[in-house]
Amino acid sequence: HPSEKNLEKFMLEISKLSPIEFLGLTKIFNISLFEDEEEKTPREFEIILSEVLDKYISLSRKQRRTIMKLVKSANLGKIEG
């Protein structure tokens, strides 16, 4: 399991992602964005974020490092606000 500091870093990095980049992350983690696929009822953001964090925690150390590198590279070049 990741350390608390590692999880905080991950949360900080994903907070910097654009909405479309965050959707890409949900796709990588195979997380559904809809409660009902037929009616396309969107799920609550908090639930989706919680599932992203749960998936991240369940990854192996190597997989977590790879995902962290991916998220950090997506954030490179963005203006810090």
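Contact here means that heavy atoms lie within 4.5 Å. The exercises below concern a predicted model.

**Exercise 1. Describe the order of elements and the overall extent of the chain.**

Solution.
Step 1. Count the elements: the protein chain has four helices and two strands.
Step 2. Put them in order. Read from the N terminus, the elements run α-α-β-β-α-α.
Step 3. Take the extent along the principal axes: the C-alpha atoms fill a box of roughly 35 × 30 × 15 Å.
Step 4. Add burial and contact range. The chain has 81 residues, and 27% of them count as buried. Among contacts between residues at least 6 apart in sequence, 61% join residues at least 24 apart.

**Exercise 2. Characterise the surroundings of T26.**

Solution.
Step 1. Locate the residue: T26 is in helix α2.
Step 2. Classify its accessibility. The cut-off for buried is under 20% relative accessible area. T26 has 1% relative accessibility and therefore counts as buried.
Step 3. List its contacts. With residues up to four places away in sequence not counted, T26 touches I31, L33, I48 and V52.
Step 4. Look for a polar partner. A polar atom of the T26 side chain lies 2.6 Å from the backbone oxygen of L23.

**Exercise 3. Identify the largest nonpolar core and the elements that build it.**

Solution.
Step 1. Start from the general expectation: in soluble globular proteins, nonpolar side chains tend to be buried together.
Step 2. Take the size and the centre of the contact network. The largest nonpolar core has 16 residues, and those with the most contacts inside it are F10, I14, L25, F29, V52, Y56 and I67.
Step 3. Assign the core to elements. Two or more residues come from each of α1, α2 (19-28), α3 and α4. The largest share, four residues, is that of α3.
Step 4. Follow one member outwards. Leaving aside neighbours within four places in sequence, L25 is in contact with F10, I14, L17, V52, I67 and V71.

**Exercise 4. Work out the setting of E51 and its polar partner.**

Solution.
Step 1. Locate the residue: E51 belongs to helix α3, residues 45-58.
Step 2. Classify its accessibility. Partly exposed covers the range between the 20% and 50% cut-offs. The relative accessible area of E51 is 27%, so E51 is partly exposed.
Step 3. List its contacts. Beyond neighbours within four places in sequence, E51 is in contact with I31 and R43.
Step 4. Check the contact with R43 for polar atoms. The side chains of E51 and R43 make a polar contact at 2.4 Å.
Step 5. Compare a separation in sequence with one in space. E51 and S73 are 22 residues apart along the chain, and their C-alpha atoms are separated by 22 Å.

**Exercise 5. Examine two residues with positive phi.**

Solution.
Step 1. Recall the background: most residues other than glycine have a negative phi.
Step 2. Take N30. Its phi is near 60°, a positive value in a residue other than glycine. N30 lies in the loop between α2 and β1 (34-36).
Step 3. Classify N30. Exposed means over 50% relative accessible area; N30 has 67% relative accessibility and so counts as exposed.
Step 4. Take K40. Phi of K40 is near 55°, again a positive value in a residue other than glycine. K40 is placed in the loop between β1 and β2 (41-42).
Step 5. Classify K40. Because its relative accessible area is 44%, K40 is partly exposed.

**Exercise 6. Describe the largest pocket and its lining.**

Solution.
Step 1. State the volume: the largest pocket has about 180 Å³.
Step 2. List the lining. It consists of P2, S3, N6, K9, Y56, R61, R64, R65, M68, K69 and K72.
Step 3. Assign the lining to elements. At least two lining residues come from each of α1 (4-15) and α4 (61-75). The largest share, six residues, is supplied by α4.
Step 4. Sort the lining by type: three residues are nonpolar, two are polar and six are charged.

**Exercise 7. Place Q63 relative to L17.**

Solution.
Step 1. Locate the residue: Q63 is in helix α4.
Step 2. Classify its accessibility. Q63 is partly exposed, because its relative accessible area is 43%.
Step 3. Give both separations. Q63 and L17 are 46 residues apart in sequence and 19 Å apart in space, C-alpha to C-alpha.

How values were computed: Residues numbered from 1 in each chain as written. Predicted model: local features only at pLDDT ≥ 70, side-chain atom pairs only at ≥ 80, totals over all residues. Heavy atoms only, no water. 1 Å grid on protein atoms, 1.4 Å probe; cavity = no way out; pocket = protein on both sides within 12 Å on 5 of 7 lines; lining within 4 Å. Points joined across faces, edges and corners; volume = space filled by probe spheres on them. Nonpolar A, V, L, I, M, F, W, Y, C, P; charged D, E, K, R; others polar. Buried < 20%, exposed > 50% of the residue type's maximum accessible area, 1.4 Å probe, protein only. Polar contact = N/O pair within 3.5 Å; in protein donor to acceptor, adjacent residues only side chain to side chain. Core = buried A, V, L, I, M, F, W, Y, C linked by side-chain atoms within 4.5 Å.
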